[in-house]
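Reader: Before we discuss this entry, could you put the model in front of us, so that we can go through its chain together?

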Amino acid sequence: MQTDLKTPLGTARISGSEAGISEIKILEEEHPESQNVPDFLEPAVRQLQQYFKGDLEQFNLEINLQGSEFQKKVWRALQAIPYGKTCSYLALAKEIGDVKAIRAVAAANGRNPLWIVIPCHRVIGSDGSLTGYAGGLHRKKWLLEHENRFTQLSLF
């Protein structure tokens, strides 16, 4: 089953079953927000809304990932990147224990099925550049800025 959610970056389609969320992707075309959300998708809708409001930094969802063991290993490593931080593809390859697997790591990152929940947007080039993002570099930039927003302290 699936539900559509309006976000600042477009319509997100959340798919899953009682076993957990299996996919969250951004749609290229606008769709109306779903009026009836299945109970098992409600936590994902609520947590994404909180994330976009700036009230949530870490997701706590039942997920049902479909992928190879290598992809799942990369996706677990992505989940360890803290909110507001970034890492390079090289650092991610080192984290999973195989510096030579940098291209495979990048490919697995690109096949991430859970937009934002598994924070592939936090992976950047070794030189700090915004490289490769399935949702478009403008969305990656927006997400990184959203997570790094500077809060002005009151002087009075």
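Reader: How far apart are the mean positions of the positive and negative charges of the chain?

Author: In this predicted model, the chain carries 18 positive and 18 negative charges. When the mean position is taken for each set, the two lie apart by 7 Å.

Reader: What order do the elements of the chain follow from the N terminus on, and what is its radius of gyration?

Author: The chain has five helices and five strands, and from the N terminus on they run β-β-β-α-α-β-α-α-β-α. For 156 residues the globule rule gives 15 Å, and the chain comes close to this value, so it is as compact as a globular protein of that length, with a radius of gyration of 16 Å.

Reader: Which residues of helix 2 are buried, and how wide an arc do they cover around the axis?

Author: Helix 2 spans residues 69-79, and its buried residues are Gln 71, Val 74, Trp 75, Ala 77 and Leu 78. They lie on the same side of helix 2, because the arc they cover around the axis is only 160 degrees.

Reader: What covers the buried residues of helix 2?

Author: Their cover includes parts of the chain that follow helix 2 in the numbering, namely residues 89-95, 102-110 and 123-124. These belong to helix 3, helix 4 and strand 5.

Reader: Is Glu 69 buried or exposed, and what is its relative accessible area?

Author: Glu 69 is found in helix 2, but it is not among the buried residues of that helix. A residue counts as exposed over 50%, and Glu 69 is therefore exposed, its relative accessible area being 58%.

Terms used. Residues are numbered from 1 along each chain as its sequence is written. This is a predicted model: local features need pLDDT of at least 70, side-chain atom pairs count only at pLDDT 80 or more; totals for chains, interfaces and linings use all residues. Side-chain values use heavy atoms; hydrogens and water are left out. Buried means under 20% relative accessible area, exposed over 50%, partly exposed in between (1.4 Å probe, protein chains only). Helices (H or I, at least four residues) and strands (E, at least two) are DSSP runs, numbered from the N terminus. The arc is that of the directions from the helix axis to the C-beta atoms. Contact means heavy atoms within 4.5 Å. The radius of gyration is taken over C-alpha atoms; the globule rule is 2.2 Å times the number of residues to the power 0.38. Lys and Arg count as positive and Asp and Glu as negative; His and the chain ends are not counted. The place of a charge is taken as NZ of Lys, CZ of Arg, CG of Asp or CD of Glu.
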